[in-house]
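Colleague: I've just opened this one for the first time. Could you walk me through it?

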Amino acid sequence: MKLKTLPLAVFILIQFNCMAQTSMSSEKKEDFLAKALEKAKTVHTENDIQNSVNEIKRIESLDPDYWLPSYYVSYMETSMSFFTDPDKKEAILTDAKERIEKLLDNPASDKSELYTLLGYYYYAKITQDPQKNGQIYYKDVISNYQKAITINPANPRPQYLLNLFEDRMNGFMGKKDNDLCNKLQKNKESFASFKPAGKNYPTWGEKELLSKIKDSCKQD
Amino acid sequence: MLNKLFSLSAILIFSVVYSQTSITGIVKSTGKTPISGANIYLENTILGDTTNEQGQFKINLEKDQTPEKIVLIINATGYESKSISLDSNAPLVLDLGNILIDKKAKSIDEVVISANSFSLGKSRGVEQLNALDVVMTGSSNGDIMGALQSLPGTQKVGEDGKLYIRGGDSNELGTYIDGMHVFSPYTANAQDTPSRGRFSPFIFKGINLSLGGYELEYGQALSSVLPMETKDVSGESKLGINFSPLSVGGGGTLGKEHQSVSFNLNYTNLGLYNRIFPDRYTWKKDYSNFSGEGQFKNIFKDKSQLKVYWGYNRTDFSREYNDINTLQSRDLGLAENNYYLNTTYQTKPKNGLQYFAGLAFSRVDDKYSNTQVSGDAYNEAQQEIHAKFRLRKTFSKYYKLTAGAENFVRNYDNQYYLNDQKLQNQKLNYFISAIFADNQLRLHKGLYTNISARAEYNDYNKSSVFYPRLSLDYINKRFQSSLIYGRYYQLPGNVVLAKSNNLSQEISDQYIASFSYDNHGISLKTEFYYKKYSNLHLWKDNEYTSNGFGDSKGFDVYFSDDKNIKNFKYSLSYSYNDSKRLYERYTETATPSFASKHNIRLNALYYISPIKTYFGITHTFASGRTYNNPGLQGFNQSKTPVYSSLDANASILLGKKVILYTSLSNLLGRENIFSYRFAQHPNNNGFYNNEPITASRNRFFYIGIFISLKNNSAYDVSNF
């Protein structure tokens with residue numbers, strides 16, 4: 001009996017040790033990233049989001065050529081910028097943009113997702129100072145989303161974000177687009193039929209789209 | 001069984017407790033403020049923590065597999081990274097106490113020194129005004145040169161419309177597109193009718209007017225430079241048209257991800273307009289101007305960029321001119337063809353190194369008829385080929401070098417005919433070669449210096465000159481201050497050079513002190529300057545000499561606010577200038593007639609949301625300008641009354657694809673006198689006949705509509 005429990009104990013001890021070890025194998029870093037992304041979906045406070053960002057930054061430092069960690073850091077920083085202090089906003093948006101530019105040079109990165117993120121970044125810049133920046137950046141928002149769509153017409157994110165942005169611009173101009181709900185329905189179908197190109201590839205946006213449809217469109 | 005379970009758990013608990021280490025600490029800035037959200041982790045692992053509001057962190061790690069060397073990395077956005085090596089034999093609970101990290105210093109590439117310059121648009125990292133502001137300023141009607149006159153340091157010369165800066169003549173400004181020189185940036189002007197900039201403002205992503213003390217990448221400009229950068233490859237296609245009672249135009253772009261071709265055509269004819277709103281003159285041939293421009297842009301696989309821009313401009317008019325000397329009239333006419341071609345190639349910065357090469361061709365052919373007397377003709381052809389090479393290398397965050405070489409080849413030819421007989425033919429051919437080196441250094445956090453030099457040789461007078469430039473700049477988040485000294489040279493204009501053969505390069509020594517403050521949409525700038533001119537061309541004893549001289553001193557103050565009142569932007573600028581010169585045909589030292597002492601401009605732009613309209617209003621005030629009354633002692637001893645003009649414009653967004661623009665200049669209808677023209681000889685009563693030089697019409701009303709036929713973005717009037 002004693003002999004049986006000893007190997008079990010040792011086995012469990014080894015397991016504890018293994019949890020803290022790192023491995024350069026791609027499976028390992030993909031798993032770490034998958035785990036970190038799962039955790040990121042559940043957090044709400046600024047500090048917790050920053051913690052998720054930091055976890056992903058650590059995964060990035062293990063393999064700088066793996067493009068997805070830097071992509072997600074940039075995406076999360078841009079998302080954070082909407083509700084963070086004005087002083088911090090400038091610094092994180094600058095970092096987000098630098099990351100996107102570096103990633104565009106990485107041959108392994110998904111350019112459609114990057115241009116989507118770049119358009120999203122410019123949208124965040126507009127919200128930093130709408131009166132001044134709206135005029136300066138609105139074209140960059142639209143052209144980057146369009147670039148993303150041209151590169152990958154199956155990508156639902158830039159299509160949805162473009163519809164959202166055009167709707168906001170119409171609102172600013174006092175107009176209303178009656179075709180919005182049809183466009184959003186098409187986006188919903190795009191999301192449903194979208195297949196990410198690899199593990200951990202971006203899939204965000206669907207939740208926000210469904211919530212927007214619920215709020216703005218009468219269900220027939 | 002229970003015993004075994006107990007001992008098993010004991011082994012597990014024991015191993016967990018005994019093999020865990022924790023590292024704690026508090027991260028603070030050097031100013032002792034705790035930093036939250038910082039990332040602390042062990043190098044090459046994902047083990048780490050994020051600091052909380054108090055800057056505290058705690059990392060738990062298994063002692064058994066902690067690496068030989070533990071390196072702790074601390075990263076916080078906006079701060080320098082820090083790494084701390086720890087002894088792997090460290091105690092189980094390690095408290096590192098306060099860890100201080102420095103704020104990140106800007107890399108030398110990111111620093112933008114804004115002393116002495118104003119930028120429109122998005123180049124140079126300075127985003128003060130949008131290119132749309134060019135259209136919506138006062139009554140510029142989309143004229144870049146007109147819009148720049150709303151900035152401080154510029155002096156109003158209404159009859160001419162060109163840019164006069166800080167007591168400098170209009171030819172003391174060098175205009176550049178994508179780093180290449182534009183020999184003739186203005187349209188031709190009829191006597192007393194202002195010219196305009198030749199380029200549509202919408203082809204540019206950035207317009208950076210430097211009021212003085214400019215970088216030595218440029219030369220041959222005694223006062224200032226206007227570098228403009230065209231937009232990059234457009235990923236989308238566009239097509240648009242525009243028309244007004246005096247013009248019709250259209251253009252478009254065929255754009256792909258890495259390549260785009262654009263064109264813009266415009267035809268202006270004042271005939272119809274003059275019938276509805278006649279001006280003071282009698283036009284024999286209505287003023288007409290045709291302009292066509294195009295650009296090809298390509299981004300290669302290695303992200304280097306090639307741009308080819310071409311522009312053609314033709315002006316034609318003939319006007320009845322009453323000669324004050326002969327009291328007879330003749331039909332003064334001008335036909336001008338202006339050609340411009342500009343090709344540039346720039347690599348993407350790699351390891352801090354970037355190359356640029358460019359070639360530009362400018363040619364202006366002017367044919368004047370009945371210029372001095374009826375039956376005469378004056379033809380003038382000017383040509384310039386500009387070749388330039390430049391490299392930029394950022395060595396570290398402390399030092400950046402910009403160096404290069406350029407060459408200008410100029411040809412000039414004028415002929416004067418009287419009744420088809422050639423009475424004069426002057427030709428001129430020369431070249432100017434230059435090399436320059438600009439060293440930008442970071443001395444200390446926020447303190448920069450620039451030490452530059454430029455050497456030039458020209459084969460007109462076969463001599464070399466040396467330009468030095470030194471500056472000391474202090475930059476912090478909201479405040480900048482600069483001290484600049486530079487020596488600049490310029491050969492006199494072709495017309496003067498063709499008449500002489502031994503003139504020196506003209507010199508201006510500039511001393512500038514500048515202060516600026518930018519915070520939350522408020523911008524305040526003050527600049528003091530002193531320009532000493534020497535070797536100016538001076539007409540003496542029937543020839544030009546280089547014995548002229550002069551000086552110009554003053555200060556500019558600029559205040560703008562584009563954030564604090566909703567939908568409202570305004571700016572106020574005041575310039576004081578005291579100039580004296582002895583040059584050209586002056587008989588004694590006097591204040592030049594283009595240099596008014598006080599210039600005040602107020603600009604306001606308001607957006608009325610319910611009617612989707614931007615209203616702009618500009619008030620310009622300038623003190624009297626000097627002019628020469630030959631009947632009185634001295635030179636330029638007389639002064640015009642003050643200049644005052646209230647201009648308004650409105651841009652109405654009629655729809656996503658239609659914009660209506662309208663403007664009215666000199667709303668109050670004040671009759672502004674720019675100067676006086678005197679007869680050369682007194683009349684029979686010993687009195688010099690004279691006439692005031694005023695605008696061709698008291699008020700100018702303009703209305704134009706811009707329609708986008710194909711454009712994926714809304715409210716975009718640019719076809720490029």
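Modeller: Sure, let's start with a strand in chain B. S11(B) is covered on both faces: B:Leu173, B:Thr175 and B:Ile177 are buried on one side, and B:Gly174 and B:Tyr176 are buried on the other. Buried here is 20 or more other C-beta atoms within 10 Å of a residue's own, exposed is 12 or fewer, partly exposed is in between, and the C-beta atoms are placed from the backbone. Strands (E, at least two residues) and helices (H or I, at least four) are DSSP runs numbered from the N terminus.

Colleague: Before I get carried away, where do the model and the numbering come from?

Modeller: It's a predicted model, where local features need pLDDT of at least 70 and side-chain atom pairs count only at pLDDT 80 or more, while totals for chains, interfaces and linings use all residues. Residues are numbered from 1 along each chain as its sequence is written, and chains are lettered from A and ligands numbered from 1 in the order in which they are written.

Colleague: Back to S11(B), then. How many of its residues are buried?

Modeller: Five of the five, residues 173–177, so the strand is largely enclosed by the rest of the structure.

Colleague: And which strands does S11(B) pair with?

Modeller: One is S14(B), residues 224–230, in the parallel sense over five bridges. There, B:Ile177 has B:Met228 as its bridge partner. S12(B), residues 180–182, runs antiparallel to S11(B) and is joined to it by three bridges, with B:Tyr176 partnered by B:His181. Pairing takes at least two bridges found by DSSP.

Colleague: What's going on in the hairpin of S11(B) and S12(B)?

Modeller: Two residues sit between the strands, and B:Asp178 takes a positive phi near 50 degrees.

Colleague: Changing topic: what does chain A have in the way of helices and strands?

Modeller: Ten helices and zero strands. Chain B, by contrast, has five helices and 40 strands.

Colleague: How much of each chain is buried?

Modeller: In chain A it's 36% of the 220 residues, and in chain B 39% of the 720 residues.

Colleague: How do H3(A) and H4(A) sit against each other?

Modeller: H3(A) covers residues 46–62 and H4(A) residues 67–80. Their axes come within 8 Å and cross at roughly 160 degrees. That makes them roughly antiparallel, a label for angles over 145 degrees. Axes are lines fitted to C-alpha atoms, for helices over the stretch in contact, with angles from 0 to 180 degrees between N-to-C directions.

Colleague: What kinds of residues make that contact between H3(A) and H4(A)?

Modeller: Nine nonpolar, two polar and four charged. Among them, A:Ile49, A:Val53 and A:Ile56 belong to H3(A), while A:Tyr72, A:Val73 and A:Met76 belong to H4(A). Contact is C-beta atoms, placed from the backbone, within 7 Å.

Colleague: Which strands of chain B does H3(A) touch?

Modeller: S2, S3 and S5, as the helix packs on their sheet. Its direction makes about 150 degrees with that of S3(B).

Colleague: In what order do the strands of that sheet come?

Modeller: S3-S2-S5-S6, four strands in an open antiparallel sheet. S3(B), 48–50, and S6(B), 82–87, are the edges, each pairing on one side only. The twist averages 15 degrees from one strand to the next.

Colleague: What joins S2(B) to S3(B)?

Modeller: Three bridges, with S2(B) spanning residues 39–42. B:Ile40 stands opposite B:Asp49 in S3(B).

Technical notes: Two residues are in contact if their C-beta atoms, placed from the backbone, lie within 7 Å. Angles under 35 degrees count as roughly parallel, over 145 as roughly antiparallel, 65 to 115 as roughly perpendicular and the rest as oblique. Ala, Val, Leu, Ile, Met, Phe, Trp, Tyr, Cys and Pro count as nonpolar, Asp, Glu, Lys and Arg as charged, and the others, Gly among them, as polar.
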